[in-house]
Amino acid sequence: MTLRAVLVGAGAMGTEWLDAVAASPDVELAAVVDLDGAAASRAAGGRVPWATELAAVAGSADFVIDATVPAAHFEVTASALRLGLPVLGEKPLTATLPQALHLAALSELTGTLFAVSQSRRFELGLAGFKKQIAGLGAVGSLTTSFYRGPRFGGFREMMEHPLLLDMAIHAFDMARYLLDDEPVRVFCDAYNPPWSWYAGDAAASAVFRFASGARYSYTASWCSTGFDTSWNGDWQAHTAAGTAAWDGDLAGPASTLLETISASLAVFVAALRTGQRPATRVHRNVLSLAMVLCAVESASSGLPVLVDDTLLTAHVAAIASAPADVAEVLRGWPSVRAALLETG
Ligand SMILES: NC(=O)c1ccc[n+]([C@@H]2O[C@H](COP(=O)([O-])OP(=O)(O)OC[C@H]3O[C@@H](n4cnc5c(N)ncnc54)[C@H](O)[C@@H]3O)[C@@H](O)[C@H]2O)c1
């Protein structure tokens, strides 16, 4: 039986998701929702109903794909979960950590799956690199170099931390996947080279300590020209038995965006059908978002940041702002990290 998906957010990424749904043997499109009715109607193309709010078409759906702007992720996912609809959401999970913890608790409360589609996790080359690393034993250090000079125009050129907030989440999530481990501390220096065409910091160096003691170093710039790395970045893993390297598919065939989100959709559908928890479930994905927001916090203060301290502050804020039923779930967590890992 195919599952019926409502697409919420009919912008650039929404169009990619329409293609992924059309290509999937497991999913059919039920409806399209966008605040901008003209965009929703265009994307629906006369084939399916469209609306400007989810509640109007929720009855026809088995799950929601949320491809709205980051600022809307919290509201869209919270409404879907309250309607009993599982959500496959675009990255980043939410704009803030208290919102992310709220949604993790709401997913528990409603017993409804919420996963975040980190498309780059599904790159074929990444799986090959992980296999190579596994054959070498424990990792002492993992590094990513990312240097490109895209001229996006628009909102990215106005953000305070365009590189960390809009791009680094991919590499940070890939690092968690490669190490099979979780971050505990970060020191990050973010800066804007003098020739940068961005208003905010377009370059950064961050060092994370993971629970195993492995260090993950990320050095990157979005205003570097002349010797581009791939969009996945240039990776090395240093182990006692040697070093594994991956150029992020600069030399080989990189996966297309359609291929990676199709793989992400297939994993989500399998999770809905089997009840198994996908690796990108909201609880675990909070830790990728935490890597980004702790790096920003460190860059702003100039000091190292302990991830658990930031999670604790977010937990207190989430309890204070949540409705009683969600706050009760949050209060019942033994610790934030334990809740994210045990139920993740
Ligand atoms: N995985 C990737 O590689 C990748 C690539 C690009 C974008 N993204 C992510 O996809 C998401 C969308 O990005 P985009 O470039 O398509 O943005 P976009 O601005 O092109 O489209 C977003 C759409 O969401 C709609 N929208 C906003 N708030 C809404 C709400 N409350 N309810 C319904 N619709 C709402 C807007 O009207 C717009 O049509 C972002 O989270 C972005 O980070 C991921």
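Is cysteine 188 buried or exposed? I looked this up before anything else, keeping in mind that I'm working with a predicted model. Cysteine 188 comes out at 2% relative accessibility, so it counts as buried.

**Entry: cysteines**

I wanted to know about disulfides next. A disulfide is a covalent bond between the sulfur atoms of two cysteines. I searched the whole structure and got 0 of them. Cysteine 188 takes part in none, and the nearest cysteine sulfur, in cysteine 294, is 11 Å away.

Then I asked myself why cysteine 223 has no bond to the closest cysteine sulfur. That sulfur belongs to cysteine 188 and is 15 Å from the one in cysteine 223, which is too far for a bond. For a disulfide the two sulfurs would have to be within 2.5 Å. I checked burial here as well: cysteine 223 has 1% relative accessibility, so I put it down as buried.

**Entry: ring pairs**

How many aromatic pairs does the structure hold? My count from the search is 12. I picked out two of them for a better look.

My first pick was tyrosine 198 with tryptophan 222. Their ring centres are 6.2 Å apart and the planes are at 0 degrees, so I call this pair stacked. The two residues are 24 apart in the chain, and the pair links distant parts of it. Tyrosine 198 is in the loop between β8 and β9, while tryptophan 222 is in the loop between β10 and β11. I noted tyrosine 198 as buried because its relative accessibility is 4%. Tryptophan 222 is buried too, at 1%.

My other pick was tyrosine 216 with tryptophan 235. Here the centres are 5.8 Å apart and the planes are at 15 degrees, so the pair is stacked. Since tyrosine 216 lies in strand β10 and tryptophan 235 in strand β11, the pair ties together parts 19 residues apart in sequence. Both of these residues are buried.

**Entry: a cluster of rings**

Which residues do ring pairs link into a cluster? I wrote down Phe146, Phe152, Trp197, Tyr198, Trp222 and Trp231. Tyr198 and Trp222, my stacked pair from above, are both on that list.

**Entry: charges over rings**

Last, I looked for charged groups sitting over rings. Arginine 151 lies over the face of tryptophan 197, 3.9 Å from the ring centre. That tryptophan is also a member of the cluster I just listed. I found lysine 130 too: its charged end sits over the ring of tyrosine 177, at 4.7 Å from the centre.

Notes:
Residues numbered from 1 in each chain as written. Predicted model: local features only at pLDDT ≥ 70, side-chain atom pairs only at ≥ 80, totals over all residues. Heavy atoms only, no water. Buried < 20%, exposed > 50% of the residue type's maximum accessible area, 1.4 Å probe, protein only. Phe/Tyr/Trp six-rings, centres within 6.5 Å; stacked < 30°, edge-to-face > 60°. Helix = DSSP H or I, 4+ residues; strand = E, 2+ residues; numbered from the N terminus. Lys NZ or Arg CZ within 6 Å of the ring centre and 35° of its normal.
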